[in-house]
Amino acid sequence: MIHFYKLNGYNIALDSPSGAVHVLTDIAHDLLSRLNPPLGDSCPADILAGFDDREATAEAYGDLYELYRAGMLFSEDWDAETVHPTGLIKSLCLNVSHDCNMRCRYCFAETGSFSRGRSLMSFETGKRALDFLFEKSGPRKNLEVDFFGGEPLMNFDVVKRLVEYGRKTERALGKNIRFTITTNGSLLDDDSIAFINAHMSNAVLSIDGCRETNDKMRTFEDGSGTYDDILPKYKRLTAGRSADYYVRGTFTRENLNFCDDVLHLADLGFDQISVEPVVLGADSKLSLRAEDLPVIFAEYEKLAAAMIEREREGRGFNFFHFMIDLDAGPCVYKRVKGCGSGSEYAAVTPDGDIYPCHQFVSFPRYRMGNLYDGSFDTDMQKRFAGCNITTNQECRACWAKYYCGGGCAANNLSQCGDPVKPYGIACELERKRVECALMIKAALADDE
């Protein structure tokens, strides 16, 4: 399975199963597009006859043949037998607050309530959630807990107590929790900034870009903009931060020119940036449509070119969707099983209900159990674990599957009514992002 494309002057071929990426000459690119495995040690005469410069073509074939012999061209695809679900949970999202002090127009969680009413998680529920994770993780040592909402800082005292309990208990059990938090920034103060920087391995800071873009979507309850309030707080938090963070925005049909917002955030000094496509039902006027794709593709290409230029100028930054490790290749085990929602990852609500992930909380039929009655639907867990790119027929034929992992199950549900039916627009966006990411790698490799 090889994907060919041209972008920004580069001829690129990706051997999907191996993860090998090749930047080719015009002759080699044209030649490879005509070849089919198995390859012999010399170029087939009928193919060679189709090129004017046969000597250069024969030389290019020799180079391609060596890559083929090394398993980096026409490599064998993986199958479902490579991954065996463990039944163990390694990550929890704690919805410590089903409430929020903002009223973002694109909020998938119904302004923080998840259509369940506004409530805060008690320490007892959070403690039970951590105990559930310790138990269900089995022999796994490294675990992850994300504090989420709504706005988790509305329940900051419980967050602090849960971190303290988690640290004390992990030592006794020989485990290690990586705590993370997602915040809208409005309630950050000296105390919470110091705590986050001391205890959170990653902090996700929500902001959409420039003031105009952000304040059009992200407002307080009274309708006022949030940009001027949160920006100085994010700068204070990231200035003293040695652990991971990223500022995270959302683009909708109303701001498809998101490249400018990404560059605005970079100009503010943030070097870890993510701007994501909106996740709402297909009937929302903010949701992306097929006719938007050419505009979005152009934005990704514009952003990729700008990132190359800035990297060469010594002011580079990371964009989440362009981060690909070509040295290690796509991790097959991780990519086959995707994000692990419903199998290795789960979310817990303030009343102790368990869901496949935080974005499923508004869908009662996907409730997996409850911490207080001890229930947990292992059959549902197995169904989620069994839905991956090797079993999904629509994913099997996609060249980008090992970088995508099947996409977001919750997004698939909201758009297609089925968590395992790939959402076509998201698939198109992911393929474009991978193309841009690989091109960036090719361009910067030329500089070395």
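## Met154 and its surface patch

Met154 is partly exposed, with a relative accessible area of 30%. Its place in the chain is the loop that links β7 (142–148) to α5 (156–173). This is a predicted model, so please read everything below in that light. On the surface, Met154 joins Leu120 and Leu187 in a nonpolar patch, and together the three have about 220 Å² of accessible area.

The loop between β7 and α5 also holds Gly150. Here the backbone has something to show: the peptide bond from Gly149 to Gly150 is cis, with omega near 20°.

## Other backbone features to look at

A second cis bond runs from Pro37 to Pro38, and its omega is near 0°. Pro38 belongs to the loop between α1 (26–32) and α2 (45–48). As background, most peptide bonds are trans, and most residues other than glycine have a negative phi.

With that in mind, have a look at Glu110 and Thr111. Glu110 is not a glycine, yet its phi is positive, at about 55°. Thr111 also has a positive phi, near 55°, and is likewise a residue other than glycine. Glu110 sits in the loop between β5 (97–98) and β6 (119–120), and Thr111 is found in the loop between β5 and β6 too. Glu110 has a relative accessible area of 45%, so it counts as partly exposed. For Thr111 the value is 22%, which again means partly exposed, since the cut-off for buried is under 20%.

## The sheet and its edges

Now to the sheet. It is open and built from 11 strands, in the order β12-β11-β10-β9-β8-β7-β4-β13-β14-β15-β16, with mixed pairing. The edge positions go to β12 (318–319) and β16 (375–376); each has a single partner strand, so one side of each is left without a neighbour in the sheet.

## Strand β13 and its partners

Strand β13 (residues 345–348) makes a good stop within this sheet, as both of its faces are covered. Tyr345 and Ala347 are buried on one side, while Ala346 and Val348 are buried on the other. The general pattern behind this is that side chains in a regular strand alternate between the two faces of the sheet.

On one pairing, β13 runs parallel to strand β4 (residues 91–95), and 4 bridges join the two. Leu94 stands opposite Val348 there. The pairing with strand β14 (residues 353–355) is antiparallel and extends over 2 bridges. In β14, Tyr355 is the bridge partner of Ala347, and Ile354 stands opposite Val348. Val348 therefore has Leu94 facing it as well as Ile354 in β14.

β13 and β14 also form a hairpin, with 4 residues between them. In the turn, Gly352 has a positive phi of about 90°.

## Thr252 in the interior

Is Thr252 buried or exposed? Its relative accessibility is 0%, so Thr252 counts as buried. Along the chain, Thr252 lies in the loop from β10 (244–251) to α9 (258–267).

The side chain of Thr252 makes a local polar link, reaching the backbone nitrogen of Glu254 at 3.0 Å. Beyond its neighbours within four places in sequence, Thr252 is in contact with Tyr106, Met217, Val278, Leu286 and Leu288.

## Helix α6

Helix α6 (residues 190–199) has Ser192, Ile193, Phe195, Ile196 and Asn197 as its buried residues. In an α-helix, with 3.6 residues a turn, residues three or four places apart point the same way. Which elements do the buried residues of α6 pack against? They are α5, β8 (176–183), β9 (202–206) and α8 (227–239).

At the start of α6, a side-chain oxygen of Asp189 comes to within 3.2 Å of the backbone nitrogen of Asp191.

## Ala409 and helix α15

The last stop is Ala409, a residue of helix α15 (residues 409–416). Its relative accessible area is 11%, so Ala409 is buried. Not counting residues up to four places away in sequence, Ala409 touches Ser341, Phe360 and Pro419. Ala409 and Phe384 are 25 residues apart in sequence, and their C-alpha atoms are 9.2 Å apart in space.

How values were computed: Residues numbered from 1 in each chain as written. Predicted model: local features only at pLDDT ≥ 70, side-chain atom pairs only at ≥ 80, totals over all residues. Heavy atoms only, no water. Buried < 20%, exposed > 50% of the residue type's maximum accessible area, 1.4 Å probe, protein only. Polar contact = N/O pair within 3.5 Å; in protein donor to acceptor, adjacent residues only side chain to side chain. Contact = heavy atoms within 4.5 Å. Patch = residues over 30% accessible without salt bridge, like charges linked within 9 Å, V, L, I, M, F, W, Y side chains within 5 Å. Areas by Shrake-Rupley, 256 points an atom, 1.4 Å probe, with all protein chains shown as cover. Salt bridge = Lys/Arg side-chain N within 4 Å of Asp/Glu carboxyl O. Pairing = 2+ DSSP bridges.
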